[in-house]
Amino acid sequence: MTPLLKVEGLSKFYGQRIGCSNISFDLYAGEVMGIVGESGSGKSTLLNCLAGHLTPDTGAVRFDTRTDGLRDTVTMSEPERRMLSRTDWAFVHQHPRDGLRMNVSAGGNVGERLMAVGSRHYGQIREAATDWLGRVEINEDRIDDRPTAFSGGMQQRLQIARNLVTGPRLVFMDEPTGGLDVSVQARLLDLLRGLVREMGLSAIIVTHDLAVVRLLADRLMVMKDGHVVETGLTDQVLDDPQHAYSQLLVSSVLQV
Amino acid sequence: MTEYNFAYLDEQTKRMIRRAILKGLAIPGYQVPFASREMPMPYGWGTGGVQVSAAVLIPDDTFKVIDQGADDTTNAVSIRRFFEKTAGVAVTEATRQATVIQTRHRIPEEALTENQILVYQVPIPEPLRFLEPSEVETRKMHSLEEYGLMHVKLYEDISKHGAIATAYAYPVKVEGRYVMDPSPIPKFDNPKLEMAAIQIFGAGREQRIYALPPYTQVVSLDFDDYPFEASKADHACDVCGAEDSYLDELIVDDKGGRLFMCSDTDFCSSRRREGHVGAQGIPYGEDAA
């Protein structure tokens, strides 16, 4: 079976400092992988390299494209990579403001990706937008409101709808629940878990919140100082951490 | 005449602008950067158009300037005088006699010919600007032909107003490649962009020149279920009776009285000379006194 994403020896340096170093892993279709680690451990650098926002210094990121099978996204041409990032990939930013167009209505935000891949029928775009707003629990009558009129949680749900409307196969999420209060977080996680299962999405979730990965991720990668220190099934890593840093991370969580 | 070089700009500057124009003609709809000069008039008064006119004018040319279709507004009169003074070219108000026409916000009603050049004054050349503030990003979008965002603007129009409410500066796609802002002409004029004359667009403050060679394919963007419509006021000209020209609406008193009139003054007056009279018009020759 071909993996959906095959990462080999990926490194990114910022001058002398290490962003992330020698990372390799396979991600299979339908799998959700969590990347955890403290601030500055290189997890966002890694995610941005995978999603094509940063160019890695060494290594390959092979994605199983629909037409040509595994292709290295680092060396493919920019138009091809940008095409992937608006069809088969999705990127959910921590701050909805980075991922949404704040001066465009909710419907326009959801419809943008459809229009970017060539949809030119207003009625159909509108219908898809309405459908997706419903799926992320945003009331249909808010379709013409701008995201500025939405709460933080709603903005985040809108960002998810905007990303998933083209039926991507791989979703990158950078701290999707950061900055939300706990009850809103819980609802968002519930929603994400439902969507991931229902659509059979693969996802890579970067977070420092262990509860998020416990709920969403099948597999876990623990990073420290740009290196992967431990990988394994989520429950295995969280319940029986082997590396000293993983143990510290797990024991740092406050038990209520 | 001896005080100025022909058409105000020095020869090196005109060469630089001509190079930009040639590049623009070679890549229809592509915005060519050029080193816009300080002109003896404020930005917003047509400094881009004036520089293009200066670069294309030759001593044998007959020059016409229109502003919103009119030959007699401040902007049109001062630019016309500027070139009368600095280039000594013949000027005219008759569309047919002009070889170079500089325009702000209109295309003349009368069809232009292959012997003519139409120069547009452009305030914002970038059609994607109000949706994507980054110039780096919009350039990339142009080079990669990522124009989905342009339809987001039209989508917003329909969701807000029930129809595509953009009435001027209506985005077009040129030869199936570049999306272009046709400058703030009413969308009524969009179908006329496919014409026999050369069209050159100059944006002075934004330092961009773009162009349409004769008979270039220009398609107004739209949705399958909301097709493009060239709209105008549903009225005939009250002065000359024309039913197919773009109209200005004038408020004539404080009791709700209004009058519709061709925005193209040359078109209107030549129709009157031919004997056409509108609903509130006076036959030609009788209004002299």
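**Exercises on a predicted two-chain model**

UniProt, in an unreviewed entry, places the feature "domain: ABC transporter" at residues 5-250 of chain A. The model is predicted.

**Exercise 1.** Describe the make-up of residues 5-250 of chain A.

*Solution.* Start with secondary structure: the stretch is 39% helix and 27% strand. Then take its ends: their C-alpha atoms are 28 Å apart.

**Exercise 2.** Decide whether the radius of gyration of chain B agrees or disagrees with that of a compact globule.

*Solution.* Count residues: chain B has 289. A compact globule with that many residues would have a radius of gyration near 19 Å. Chain B has 20 Å, so the value agrees. Now add the box: the C-alpha atoms fill roughly 60 × 60 × 35 Å along the principal axes. Buried residues make up 53% of the chain. As for elements, chain B has six helices and 12 strands.

**Exercise 3.** Work out the charge count and exposed surface of chain B.

*Solution.* Count the side chains: 30 are positive and 44 are negative. The centres of the two sets lie 6 Å apart. Next, the surface: chain B exposes about 13,000 Å², and carbon and sulfur atoms supply 51% of it.

**Exercise 4.** Locate C240(B) and classify it as buried or exposed.

*Solution.* Find the element: C240(B) sits in the loop between β10 (218-220) and β11 (247-251) of chain B. Check accessibility: the cut-off for buried is under 20%. C240(B) has 1% relative accessibility, so it counts as buried. List its neighbours: beyond four places in sequence, C240(B) touches residues including C262(B), C268(B) and H276(B). Finally, take N75(B): it lies 165 residues from C240(B) in sequence and 25 Å away in space, C-alpha to C-alpha.

Key. Residues numbered from 1 in each chain as written. Chains lettered and ligands numbered in written order. Predicted model: local features only at pLDDT ≥ 70, side-chain atom pairs only at ≥ 80, totals over all residues. Heavy atoms only, no water. Helix = DSSP H or I, 4+ residues; strand = E, 2+ residues; numbered from the N terminus. Rg over C-alpha atoms; globule rule 2.2 N^0.38 Å. Buried < 20%, exposed > 50% of the residue type's maximum accessible area, 1.4 Å probe, protein only. Areas by Shrake-Rupley, 256 points an atom, 1.4 Å probe, with all protein chains shown as cover. Lys, Arg positive; Asp, Glu negative; His and termini not counted. Charge placed at Lys NZ, Arg CZ, Asp CG, Glu CD. UniProt positions renumbered as here; feature names shortened; annotations may be inferred. Contact = heavy atoms within 4.5 Å.
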